[in-house]
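Let's take a look at how this protein chain holds together. Have the sequence and the 3D view ready, and follow along residue by residue.

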Amino acid sequence: MAKIVQTQYRENYGSHDWDGTGECPQYWKNKGGSTYVVSAPSDEAIESLINYSSDYSEEYIMHTEEYDPRNDVFEPWQERTHITIKKNGTILESRTSGTEDLRRGLASYSHTWGYENVEARRKGESSTYRVQYVFKNGMVANSEEEAREIFEHLASRVTA
């Protein structure tokens, strides 16, 4: 079952000048948060995926509710993050652009990562990665290089 998960991200500004000895100074500042749509085998799996804390930063769940795919839970400017935790613990995370503030000619983009487990996701150690850019003219790029070439092509048509 999928859930909408809204989080709070905080950073400990006291840790910036900390030399690592003794107690870490505490000066926490709220820095925003994220909205995710998470499909997982249990609420505990969602909590272990999202909630973390260190001397430097933390993110924790503030609110969850059942996800109804008929309702758009994201603002037009927000990236859409969907995460699936499989029963074997592997994770698939996809971030797709919102519908506003895209570069000229771009209709949408998405980045998709596969992770072996929660710890690999926290460390940013993806086992797979895929990117796709879809342009308003129907062109599709499956790498940063291909997207750059299309942007250059579109820019040359404007200046010609």
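## Salt bridges

This is a predicted model, and it holds 7 salt bridges. One of them joins the side chains of Lys3 and Asp43, with N and O 2.9 Å apart. That pair ties together distant parts of the chain: Lys3 sits in strand S1 (residues 2–12) and Asp43 in helix H1, 40 residues apart. Lys3 counts as buried because its relative accessible area is 12%, under the 20% cut-off. Asp43, at 39%, is partly exposed.

Strand S1 also supplies Arg10, which pairs up with Glu58 from strand S5 (residues 57–66), 48 residues apart. Their closest N and O atoms are 2.6 Å apart, and both residues are buried.

Then there's Glu93 with Arg95, at 3.0 Å from N to O. Glu93 is buried at just 1% relative accessible area, while Arg95 is partly exposed at 29%. Shared partners also link some salt bridges up: Lys3, Asp43 and Glu66 form one network.

## The nonpolar cores

Nonpolar side chains tend to be buried together in soluble globular proteins. Here, the largest nonpolar core has 15 residues, and Val38, Leu49, Ile85 and Ile91 touch the most other members. Strands S3, S6 and S8 and helices H1 and H2 each chip in at least two residues. H1 gives the most, with 4.

Which residues does Ile85 contact, leaving aside neighbours within four places in sequence? They are Val38, Ser39, Ala40, Pro41, Ala45, Ile46, Leu49, Thr90 and Ile91. There's also a second, separate core of 9 residues, including Leu106, Phe135, Ala147 and Ile150.

Key
Residues numbered from 1 in each chain as written. Predicted model: local features only at pLDDT ≥ 70, side-chain atom pairs only at ≥ 80, totals over all residues. Heavy atoms only, no water. Core = buried A, V, L, I, M, F, W, Y, C linked by side-chain atoms within 4.5 Å. Buried < 20%, exposed > 50% of the residue type's maximum accessible area, 1.4 Å probe, protein only. Contact = heavy atoms within 4.5 Å. Salt bridge = Lys/Arg side-chain N within 4 Å of Asp/Glu carboxyl O.
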